[in-house]
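The following dialogue introduces a structure to a reader who meets it here. Please look over the sequence and the model before reading on.

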Amino acid sequence: MKITVVGTGYVGLVSGACFADVGIEVVCVDIDQKKIDKLKNGIMPIYEPGLEEIVVRNYESGRLSFSTNLGEAIQDSEVAFIAVGTPPGEDGSADLKYVLAVADEIGKTMSDYIVVATKSTVPVTTGCKVKEAIQNALDKRKSDLPFAVASNPEFLKEGAAVEDFLKPDRIVIGVEEERAEEIMRRLYKPFQLSGDRIIYMDIPSAEMTKYTANAMLATKISFMNDIANLCELVGADANMVRAGIGSDPRIGNKFIYPGVGYGGSCFPKDVKAIIRTAKTYGYDLRVLQSVEAVNEDQKHTLVKKVKKHFGDDLSGMTFAMWGLSFKPNTDDMREAPAIVMINELRAAGAKVKAYDPIAMEEAKEVYVGDKVTYCDDAYDACVDADALLLVTEWSEFRMPSWSALGKLLTNKVVFDGRNIYDRKYLKEMGFEHYGIGI
Ligand code: NAD
């Protein structure tokens with residue numbers, strides 16, 4: 001079987017490499033020539049644990065190839081996946097221009113029946129738009145080639161993307177004809193070894209499923225942050241409350257960790273997009289509007305604590321920041337709360353010395369540039385800093401040497417944006433500890 005995956009970002013590259021790894025012939029296509037050249041030289045354009053090994057192995061075996069030529073790639077492909085970006089437009093709705101450009105190009109160049117499956121996160125009705133774009137391009141060619149569209153939203157998590165793709169909890173496939181369903185069934189067979197994980201449905205339901213999943217997860221996070229803020233006011237410990245409720249299987253213990261707000265390329269834009277979709281149908285998604293508002297506030301919570309401790313004017317002060325990416329095990333800086341905090345600290349006159357194990361290059365090139373001093377390691381960031389801010393809970397930050405840090409920092413004060421440190425122990429070591437909701 002041969003397939004094409006269009007877009008070699010977090011979703012496209014991981015999917016393409018994992019499909020190749022089970023024996024499928026895969027062409028990964030991108031319009032970014034630099035990205036494709038890098039990949040041909042074994043250089044990963046993104047950081048994702050385990051990805052490089054799987055890409056290189058399959059590229060060397062010849063099953064995985066890279067190209068900028070979509071028309072050429074889709075010849076003999078049974079499926080073309082669309083995995084390009086769907087960034088938020090000005091009004092918050094998902095911008096479909098990349099998705100529809102790919103659909104148009106497929107219509108212009110296809111020469112046989114093909115299933116065009118959308119993996120990008122797209123609003124309900126996009127399936128119809130993709131179909132229309134392909135059909136229009138075929139009409140212009142006066143061609144009556146048959147094709148099918150499908151919706152196959154992706155649920156992988158950055159930081160564990162390869163693992164998630166190879167061992168999915170579920171695979172959602174929206175299709176409207178049997179031939180396409182059969183091809184998708186065959187394609188995903190190798191990922192079904194521990195039982196059938198495919199849930200078939202109509203295309204609009206598949207499109208809604210992806211947004212609903214992300215909206216639900218974002219809701220859990222904002223809900224818990226809201227509760228944590230109240231815990232702080234009433235003198236309760238949000239960590240204990242979390243443990244107390246998470247043991248109820250109806251609630252579950254995942255995604256209920258208080259912190260500095262969600263970020264990344266998915267939750268913020270997908271929450272915005274589903275709110276926008278609802279508005280176009282004359283409906284207000286009131287819960288999600290609050291989820292978004294709570295999250296916006298939460299990104300300021302740690303710097304508020306800094307100001308409460310040191311005063312609003314932070315001129316002449318320097319803060320060490322551990323972690324820049326929006327979560328551990330990724331270099332993704334899109335919508336990272338660290339960006340908001342850096343801007344806020346600087347606006348109050350402070351300097352920031354940052355260290356992140358993986359995301360510093362991305363931060364420097366695209367997101368915060370020279371607004372911070374990038375450090376060689378976590379301890380280096382603390383030299384002569386007035387306090388430490390823990391922003392991303394990378395493993396290597398979990399058990400630092402507090403005695404060493406006590407000598408490096410000017411003040412023994414820690415603002416723990418992820419509640420990873422034990423306040424009692426820090427107190428014994430002479431540190432003041434601020435957490436979220438504790
Ligand atoms: P990304 O920005 O990392 O990658 C998108 C790629 O598409 C880029 O390399 C870009 O050059 C390429 N591209 C754009 N237009 C193109 C065209 N016309 N032809 C070929 N390539 C083109 O994006 P991503 O994070 O992989 O996300 C892709 C989609 O998947 C989005 O809709 C996103 O919401 C969704 N999604 C992302 C994740 C995630 O964790 N990142 C998870 C699930 C779903």
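**The ligand shell and the sheet**

Student: Which residues come nearest to the ligand?
Tutor: The model is a predicted one. The ligand has 26 residues around it. Those that come nearest are Gly7, Gly9, Val11, Ser120 and Thr121.

Student: How many residues of the shell around the ligand are nonpolar, polar and charged?
Tutor: Helix H1 (10-21) and helix H5 (97-109) each supply at least two residues of this shell. Divided by kind, the shell holds 5 charged, 9 polar and 12 nonpolar residues.

Student: Which are the edge strands of the open sheet of 8 strands?
Tutor: The order of the strands is S3-S2-S1-S4-S5-S6-S7-S8, and the pairing is mixed. An edge strand pairs on one side only, which holds for strand S3 (64-67) and strand S8 (198-201).

Student: In which sense, parallel or antiparallel, does S6 pair with S7?
Tutor: Strands of a sheet pair through backbone hydrogen bonds, in either of two senses. With strand S5 (residues 114-118), strand S6 (residues 147-151) forms 5 bridges in the parallel sense, and Val116 stands opposite Val149 there. On the S7 side, Ala150 stands opposite Val175. S6 and strand S7 (residues 171-175) have 2 bridges, and their sense is antiparallel.

Student: Why is S6 largely enclosed by the rest of the structure, and which helix does the chain pass through from S5 to S6?
Tutor: S6 is largely enclosed because 4 of its 5 residues are buried. The chain reaches S6 from S5 by a right-handed β-α-β crossover. The helix on this path is H6 (residues 126-140).

Notes
Residues numbered from 1 in each chain as written. Predicted model: local features only at pLDDT ≥ 70, side-chain atom pairs only at ≥ 80, totals over all residues. Pairing = 2+ DSSP bridges. Near = placed C-beta within 6 Å. Nonpolar A, V, L, I, M, F, W, Y, C, P; charged D, E, K, R; others polar. Buried ≥ 20, exposed ≤ 12 C-beta atoms within 10 Å, placed from the backbone. Right-handed = clockwise from strand over helix to strand, strands pointing away.
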